[in-house]
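Me: Could you take me through one part of this protein slowly, as if I were seeing a structure for the first time? I would like a close look at the core and what lies around it.

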Amino acid sequence: MWSRILLSILSLNWIATVSSEPQYVLLVPTVVRSDSPQTACVQLHGLSEPLSLSIVLEYGSIQETLFEESAMKSEFFKCYNFKVPSAISDPLAFISFSAKGTTVNLSERRSVAIQNVDNTVFIQTDKPIYKPEQEVLFRVVALDSQFRPVQETYPQIIIELSETHQKLTI
């Protein structure tokens, strides 16, 4: 009896894999970080005709095409890098996938959450106490929320001294 059940499960699986319908996998993170590189991957299997692929990011009134490409071979796999805008009010966005041919029309819409990247700036002096008229040296480091250095330059940094409310420009 168990062998018949196992055989029927395996035959259903085999029928699903030899299906003439094209199959696809779309890999997109469910949480995307603003202003940092993100990746979306598409894999297509069993194509019998050329397809026109597109992935679009929908956020509020913004519709940004992440990529458009044609898939000509029966097997297709490609990853694309993209950047997401900062979340303004609602962090919910959508990624729409479509693959269209003469007889094939595949589409999917997934929700993704946009997480804003908040950078932290650390300012450090070269020593804790200075004598009057001594030159003060500063080290300024900007880190993201995962404590990785941020590749940004700051043309001007203003430090406000709390006791005298004096401003110091670096």
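**A close look at the core**

Reply: Let's begin with the largest nonpolar core, which has 28 residues; among them, Val42, Leu44, Leu53, Ile55, Ile95, Phe97 and Ile114 touch the most other members. A nonpolar core here is a set of buried Ala, Val, Leu, Ile, Met, Phe, Trp, Tyr and Cys residues joined through side-chain atoms within 4.5 Å. Buried means under 20% relative accessible area, exposed means over 50%, and partly exposed is in between (1.4 Å probe, protein chains only). At least two residues of this core come from each of strand 3, strand 4 (51–59), strand 5 (62–71), strand 6, strand 7 (92–100) and strand 8 (105–115). Strand 4 gives the largest share, five residues. Strands (E, at least two residues) are DSSP runs, numbered from the N terminus.

Before going on, please keep in mind that this is a predicted model, where local features need pLDDT of at least 70 and side-chain atom pairs count only at pLDDT 80 or more, while totals for chains, interfaces and linings use all residues. Residues are numbered from 1 along each chain as its sequence is written, and side-chain values use heavy atoms, leaving out hydrogens and water.

Now pick out Leu53. Not counting residues up to four places away in sequence, Leu53 touches Leu44, Phe67, Glu68, Glu69, Ala71, Phe76, Phe97, Ser98 and Ala99; contact means heavy atoms within 4.5 Å.

Next, find Glu49 in the loop between strand 3 and strand 4. Glu49 is buried yet has no salt bridge, and the nearest side chain of opposite charge, Lys100, is 12 Å away. A salt bridge would need a side-chain nitrogen of Lys or Arg within 4 Å of a carboxyl oxygen of Asp or Glu. Instead, look at Thr103: its side chain makes a polar contact (2.3 Å) with the side chain of Glu49. A polar contact is a pair of N or O atoms within 3.5 Å; within protein, one must be able to donate a hydrogen and the other to accept it, and residues adjacent in sequence count only if both atoms are side-chain atoms.

Finally, strands 3 and 6 also hold the two ends of a disulfide: Cys41 is in strand 3 (residues 38–45) and Cys79 in strand 6 (residues 75–82), 38 residues apart. Their sulfur atoms are 2.0 Å apart, and a disulfide is a pair of cysteine sulfur atoms within 2.5 Å. The torsion about this S-S bond is about 105 degrees, so the disulfide is right-handed. Cys41 is buried, at 11% relative accessible area, whereas Cys79 is partly exposed, at 36%.

Terms used. Helices (H or I, at least four residues) and strands (E, at least two) are DSSP runs, numbered from the N terminus. Lys and Arg count as positive and Asp and Glu as negative; His and the chain ends are not counted.
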